[in-house]
Structure formats: structure tokens, C-alpha cells
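User: Please take a close look at one part of this structure, the helix packing, and set it in the context of the whole chain.

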Amino acid sequence: MIQRHMLPTLLARAAQWPVVTVTGPRQSGKTTLCREAFPDKPYSNLERPDTRDFARLDPQGFLNQFPNGAVIDEIQRVPELLSWIQVRVDENNTAGQFILTGSHQFELSRHISQSLAGRTALLKLLPLSIAELLPVMDRPTSDNLLYQGGYPRIHAQQLDPAVTLGDYFETYVQRDLRELVQLRNLHLFEKFVRLVAGRVGQLVNMQSLAADVGVSGHTVQEWLTLLEASYIVFRLPPWFSNGSKRLIKSPKLYFYDVGLAAWLMGITQPAYLPTHPLRGNLFENLVVLEVLKTLHNAGVKPNVYFYRDSQHNEADLLLETGDKLQLLEIKAAQTVASDAMQAATRVQRALEGRVASMTLVYGGTEAQRRSAFEVLPFTQVFEWVGRVTTVNLPRE
């Protein structure tokens, strides 16, 4: 079994809160993690129609089965159950009673804020990180990671990524989206998602997307919100301070699983990756995700941004640590070019003392310490986060 780095965080939260809610994409490993963490707790899956009907029609009777709590999967299927759980934990505030999972980001957050505010810890489990995969992958090259992505079933069962991700996307469209909204034109929506994949690591441009898909800007905004709500994509915000002009307002767009983004681009064989024109964008997505996963697994809100100003100064990622910024530049190449950090150096000057460290993450295998910055292989992003923050990371 692949060891999940969130396990100690989940156990710690359950020792402090009466309810812990673990959200994240479908098939990211939420159920496996929760059942491993609490093997003695009863388990109930609200995806089962009979179980779901029982919980809806008789919520009190449903919860009476679990006097000491339970692991309840896909709680967003019966959101009204949250109000009954609130009553239970208000009557008995024992820590670690209910462990809930959910896959619809915004809908679930709304119901939790209404019913369980102040009563539940919130964690977000994303697909497997590079650090979690290194001990189990035969060849953890960047191309293998980009092609396979991080969904646990692909690695645990040695599945064909192209087939599995294709099935994943079809199931997502047929099930999750129909629960969230009635789509009138699935063909146009699928075209939209593939076009979004082709814009990985780029600024969000609603007008351009709308024109390319052939729909209105309002529709594109609605569809993008759906992709975020169901943990397909996320937007990385630009960094700005209260005392500076926010020169770049648009966020950058990334996928929660880089393998799915690659599949949507038409990368159905590993051989397509080395010469693909968007390989650098996918590699950037991979590294940004690793930072997010490391922080989420530790139960920490990721204060991560990118930087771009009107002078074309750019930095791929800024990690805010107190009043300082840790700057990360990302290059897919396996060697370090002499001018690789020129743009980052200009950003460092523009931020006038706020940048505490500069690091270049690249596709190679050797770490280097240069006079003005550090060079790290992509496999060491996990350790980098541990060094530049106060986050307690799991150790082997």
C-alpha cells in the first residue's frame, strides 16, 4: 500500500475535533486513507442508493446505527445529514466521532459552513505527490510522472494511464457534472475542457476561451467554476501587496492532476511527451502541484502565488512565509541554462527585500548551491517546502 503523507495530520485533527472532513477529487484516495486511519470505525458509503435513501428518509435512524461515530463517504450526496451530525456532536463533543469525505468542493463547503462551522476540521487530499510516489515507482522520471499523473489506482494496480484517465473523464462528465448542472451540449463542454488543458500554466482569458469554444463568456465562467467545484482545475492567484498596484489581475490555470491534463492534450503514449510543445507547461503544473500537495498533506493553507508585472518580470511561484517570500522558478530542462534565473533576479529586485530565497527547480537529478540561488531536482520539492516553512513533514 502506498503511504499517504496526510495520515498523521488526519489522526492529529481527529484527536482535536469531533468531526474531520476530507475533501478532494474523486479517486484521490480519500476512502482508503480514512479507513486505514480508523479501521475500527463503522463505514457507510452514501454512493449506495439504498444507504443514501435510508440517510435521506430517516437521518436520525441512520445515525443511530453509529453511537460512537463512523466514516461516512461522499457526504455531499445527503447534505441534510450534516445538520443531524451537528446535533449529535453538540450533545456529545467527543473528539474524532465522524470522519466525512466529499468530492464537490463548493457545494460541500456551503453546507459545512451552514451546519458544521466550528465543529469540523477541513483537510484536502489531492492525488499522489511525487514524494509519495518515489518509493514505489520503478522509474520516477519527469515524463513518467507527467504521463501517469497521481491517481492512486493507476500506480497501485499498474493500469494503463490513457485508458484509465479516459474512463475517469467520461465518468466525471456523465456523473459529477450531471449532479451539479444540466449541460445542454456535452460536445462543446468536452471541447472546452480540452482547450483549458491546452492553456495549463497560462493566464485565464475568458474572452479567448469563449471565442475558441463558440459560447458566451458567461458560459465559460460557469463551466470553469464547474471544473473547480469538482476538483479538475484550480486557479493560482497573482501576488500583490496592499501598498502596490495589482498589475496582473488574471490568475493562472492548472490541473489537480497533471496526467489528466496530458491525456486531454492528446498525450496517450509516453513517447509523445519529450517533443510536445506544452511539456514545459505540464512540468510547471507538476511542480506547483507538489508544493500544494505537501502543504495540504500537512494541513496547512497554501499561501502560494505567481508574480508578473507590466515590466514583464515573472516568477513561477511565490510561497509566502510570514513577511517573507520564497521564490521558485521552474524549468523542465535537464540542464541549467546560464540565464535561467535572470527573470527571477529582476523579480527579487522589484520586491525590494521581501524575497528570502531563490530556488530553481529543474528536470535534472543533481542539486547545486550557487552564489545567488539554489538548484534542485523536481524530486526534492517536498524537502524544499520543509526547509523554507515551519511545516512538520512526515519522515521515512
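Analyst: What follows treats the chain as a whole, then two helix pairs, then an enclosed helix, and last two loop residues.

The model is predicted. The chain contains 17 helices and 13 strands. Its C-alpha trace spans about 65 × 50 × 45 Å along the principal axes. The radius of gyration is 22 Å, and a compact globule with 396 residues would have one near 21 Å, so the two agree. Of the 396 residues, 57% are buried. Among contacts with a separation of 6 or more, 68% join residues 24 or more positions apart.

Two packed helices are described by the angle between their axes and the distance between the axes. One such pair is helix α1 (residues 7–14) and helix α2 (residues 30–37), whose axes are 10 Å apart at an angle of about 60 degrees. Roughly perpendicular begins at 65 degrees, and α1 and α2 are therefore oblique to each other. The crossing of α1 past α2 is right-handed. On the α1 side the contact involves Leu-7, Leu-10 and Leu-11, and these meet Leu-33, Cys-34, Glu-36 and Ala-37 of α2. Sorted by class, the contact of α1 with α2 holds six nonpolar residues, no polar residues and one charged residue.

Another pair is helix α11 (residues 186–197) with helix α12 (residues 206–213): the axes come within 10 Å and cross at roughly 135 degrees. Because roughly antiparallel applies to angles over 145 degrees, α11 is oblique to α12. The crossing of α11 and α12 is right-handed. From α11 the contact takes in Leu-188, Lys-191, Phe-192, Leu-195 and Val-196, while α12 supplies Leu-209, Asp-212 and Val-213. The contact of α11 with α12 divides into six nonpolar, no polar and two charged residues.

Helix α17 (residues 381–388) can be described by its burial. Six of its eight residues are buried, so α17 is largely enclosed by the rest of the structure. The buried residues of α17 are Val-381, Phe-382, Trp-384, Val-385, Gly-386 and Val-388. Their cover comes from both helices and strands: it includes the helices α7 (130–133) and α15 (279–297), and the strands β9 (314–321), β10 (324–331), β11 (355–362) and β13 (374–377).

Two loop residues remain, each with a positive phi. Glu-74, in the loop between β3 (70–73) and α5 (81–91), has a phi near 55 degrees, a positive value in a residue other than glycine. The relative accessibility of Glu-74 is 8%, and the limit for buried is under 20%, so Glu-74 counts as buried. Tyr-231 is placed in the loop between α13 (217–229) and β6 (233–236). Phi of Tyr-231 is near 60 degrees, again a positive value in a residue other than glycine. With a relative accessible area of 2%, Tyr-231 is buried.

Note on methods. Residues numbered from 1 in each chain as written. Predicted model: local features only at pLDDT ≥ 70, side-chain atom pairs only at ≥ 80, totals over all residues. Heavy atoms only, no water. Axes fitted to C-alpha atoms, helices over the stretch in contact; angles between N-to-C directions. Helix = DSSP H or I, 4+ residues; strand = E, 2+ residues; numbered from the N terminus. Parallel < 35°, antiparallel > 145°, perpendicular 65-115°, else oblique. Left-handed = near helix turned anticlockwise from the far one by under 90°. Contact = heavy atoms within 4.5 Å. Nonpolar A, V, L, I, M, F, W, Y, C, P; charged D, E, K, R; others polar. Rg over C-alpha atoms; globule rule 2.2 N^0.38 Å. Buried < 20%, exposed > 50% of the residue type's maximum accessible area, 1.4 Å probe, protein only.
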